[in-house]
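Here are a few short exercises to work through with the model open beside you. Try each task before you read its solution.

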Amino acid sequence: MDSNLFSVDYFKETLRLQINKNSDRFSPNQTLNSYYHTVVSAIIQDRINKNFELIRRIRNLDAAYKAVKEEIGFQQQQQQQ
């Protein structure tokens, strides 16, 4: 098995283990589909959370930038008077 976590070899071995572990309850196709769905859902959810966090940080940065820019503009106007 490839030593890289989440490599093709890793997933192949994990799928085989899941099939063997669930052979008394589910067909191999059912196990493959279930495992695939579970892993993809987890990846998608993780990606969404990361994207949301990045968007939140960018929005916060944008809001801070605009506020500081406005403050600087106001200070410059006061200094010119």
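**Exercise 1. How the helices pack**

Work out at what angle α1 and α2 pack, and whether that makes α1 parallel or oblique to α2.

*Solution.* Keep in mind that this is a predicted model. Start with the axes: those of α1 and helix α2 (residues 28-80) lie 9 Å apart, and the helices pack at an angle of about 130°. Next, sort the angle: over 145 degrees would be roughly antiparallel, and 65 to 115 would be roughly perpendicular. The value of about 130° fits neither range, so α1 is oblique to α2. Last, the handedness: α1 and α2 make a right-handed crossing.

Now list which residues make the contact. On the α1 side you'll find Phe 11, Thr 14, Leu 15, Gln 18 and Ile 19, and they meet Pro 28, Thr 31, Leu 32, Tyr 35 and Val 39 of α2. Sorted by type, that contact has seven nonpolar residues, three polar ones and no charged ones.

**Exercise 2. Two residues from that contact**

Decide for Thr 31 and for Leu 15 whether each is buried, partly exposed or exposed.

*Solution.* Take Thr 31, in helix α2. Its relative accessible area is 5%, and buried means under 20%, so Thr 31 is buried. Setting aside neighbours within four places in sequence, Thr 31 touches Gln 18, Ile 19, Asn 22 and Phe 26.

Then go to Leu 15, in helix α1. Leu 15 comes out at 24% relative accessibility, so it counts as partly exposed. With neighbours within four places in sequence left aside, Leu 15 is in contact with Leu 32 and Tyr 35. For a backbone distance, try Leu 15 and Asn 29: they're 14 residues apart along the chain, and their C-alpha atoms are separated by 10 Å.

**Exercise 3. Ahead of α1**

Find where Phe 6 lies, and say whether Phe 6 is buried or exposed.

*Solution.* Phe 6 lies in the segment before α1 (8-21). Its relative accessible area is 56%, and the cut-off for exposed is over 50%, so Phe 6 is exposed. Between the C-alpha atoms of Phe 6 and Arg 57, 51 residues apart along the chain, the separation is 28 Å.

**Exercise 4. The whole chain**

Why is the protein chain described as more spread out than a compact globule?

*Solution.* First, count the elements: two helices and zero strands. Then compare radii: the radius of gyration is 26 Å, well over the 12 Å from the globule rule for 81 residues, so the chain is more spread out than a compact globule. For the dimensions, the C-alpha trace spans about 85 × 25 × 10 Å along its principal axes. Finally, burial: 7% of the 81 residues count as buried.

Conventions. Residues numbered from 1 in each chain as written. Predicted model: local features only at pLDDT ≥ 70, side-chain atom pairs only at ≥ 80, totals over all residues. Heavy atoms only, no water. Helix = DSSP H or I, 4+ residues; strand = E, 2+ residues; numbered from the N terminus. Buried < 20%, exposed > 50% of the residue type's maximum accessible area, 1.4 Å probe, protein only. Axes fitted to C-alpha atoms, helices over the stretch in contact; angles between N-to-C directions. Parallel < 35°, antiparallel > 145°, perpendicular 65-115°, else oblique. Left-handed = near helix turned anticlockwise from the far one by under 90°. Contact = heavy atoms within 4.5 Å. Nonpolar A, V, L, I, M, F, W, Y, C, P; charged D, E, K, R; others polar. Rg over C-alpha atoms; globule rule 2.2 N^0.38 Å.
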